[in-house]
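Subject: Structure handover

Hi,

Here is the structure I promised to pass on. Have a look at it first, and then read on for what turned up.

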Amino acid sequence: AYGEQIECLQRSVMACPEFEADGVAEGAKVRLNRGWCLIRLEKFEEARKDIFACLDVFPDDPNLILAVDTLGYEISQKKGHLAALGFFDALTARYGGRHQWWNDYGFFSLETNMISDDPPEKYAKTLSIYRKALELEPDYPRYLNDAAMLIDYYLDPGRERRDEVEVMYR
């Protein structure tokens, strides 16, 4: 059914080419709907392209923000944390104004660092990501806690904390 929906959306663009024009509100709506379909079909790279194009037009649209969050979650579930890390890296590089996206980026950075060969160096990168979330939302308790935890790891990297972190993020 989602494939049929995508076909209808593509046909609507062919019938009315201005839907596809960059910056046109109607085109962004079509691309958002197509993005949702592509997420459900697990065509994540195509979905990312449509959703990122929509962010250029409607960066604060609640349905679009939900689509971004859903896409990040689905990537993490189906492709793994490293793929989700890449998604949030690209997302925050281009659309860095939402503290939640920086927090998600920090989470996946932490998760992938826990299995790396040199986590101490990578904790510094993760901490910088959480600091950006705190810059945008300075008093958010979870971000403050996560930053404090990362500072502790960074200052004393010899500690074995993998089990503790895994419990904290379940």
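Setting aside neighbours within four places in sequence, Thr-126 touches Gly-106, Ser-109, Leu-110, Asn-113 and Leu-150. Thr-126 itself belongs to helix H7, which runs over residues 119-136, and with a relative accessibility of 0% it counts as buried. Before you go further, please keep in mind that this is a predicted model.

Another residue of helix H7 is Ser-128. Is Ser-128 buried, partly exposed or exposed? Its relative accessible area is 37%, so Ser-128 is partly exposed. The C-alpha atoms of Ser-128 and Trp-102 lie 9.9 Å from each other, although 26 residues separate the two along the chain.

Now to helix H6, where several of the partners of Thr-126 are found. Gly-106, Ser-109, Leu-110 and Asn-113 are among the buried residues of H6, and each of these four is in contact with Thr-126. H6 covers residues 99-113. Of its 15 residues, 12 are buried, which leaves this helix mostly covered. The buried set also includes His-99, Trp-101, Trp-102, Asn-103, Tyr-105 and Glu-111. From first C-alpha to last, H6 reaches 21 Å, close to the 21 Å expected at 1.5 Å a residue.

Helix H5 (residues 81-94) passes the length check too: its 14 residues should span 20 Å at 1.5 Å a residue, and its end C-alpha atoms are 20 Å apart, which agrees. Which residues of H5 are buried? They are Ala-84, Leu-85, Phe-87, Phe-88, Leu-91 and Thr-92. These buried residues cover an arc of only 165° around the axis, so they sit on the same side of H5. As a reminder, an α-helix has 3.6 residues a turn, so residues three or four places apart point the same way. On the face of H5 turned away from that buried side are the exposed residues Leu-82 and Ala-93. The cover over the buried residues of H5 includes helix H3 (44-57), helix H4 (62-79) and helix H6.

The aromatic side chains may interest you as well. There are 7 aromatic pairs in the structure. In one of them, the ring centres of Phe-87 and Phe-88 are 5.0 Å apart with the planes at 80°; an angle over 60 degrees counts as edge-to-face, so this pair is edge-to-face. Both partners are buried, Phe-87 with a relative accessible area of 4% and Phe-88 with 1%. Phe-107 and Phe-108 also make an edge-to-face pair, because their ring centres are 5.0 Å apart and their planes meet at 75°. Phe-108 is buried at 7% relative accessible area. These four residues join Phe-52 and Tyr-95 in one aromatic cluster.

Two arginines deserve a mention here. The charged end of Arg-48 sits over the ring of Phe-52, 4.9 Å from the ring centre, which ties Arg-48 to a member of that cluster. Likewise, the charged end of Arg-98 sits over the ring of Trp-101, at 5.6 Å from its centre.

Finally, a word on confidence. The protein chain has a mean pLDDT of 80, and 69% of its residues reach 70 or more. Over residues 166-170 the pLDDT is below 50, and this stretch has 8 contacts in the model beyond near neighbours in sequence.

Best wishes

Methods: Residues are numbered from 1 along each chain as its sequence is written. Side-chain values use heavy atoms; hydrogens and water are left out. Helices (H or I, at least four residues) and strands (E, at least two) are DSSP runs, numbered from the N terminus. Buried means under 20% relative accessible area, exposed over 50%, partly exposed in between (1.4 Å probe, protein chains only). Contact means heavy atoms within 4.5 Å. Rings of Phe, Tyr and Trp (its six-membered ring) pair if their centres lie within 6.5 Å; planes under 30 degrees apart count as stacked, over 60 as edge-to-face and the rest as tilted. A charge sits over a ring if NZ of Lys or CZ of Arg is within 6 Å of the ring centre and within 35 degrees of the ring normal. The expected span of a helix is 1.5 Å times one less than its number of residues. The arc is that of the directions from the helix axis to the C-beta atoms. pLDDT is the predictor's confidence in each residue, from 0 to 100.
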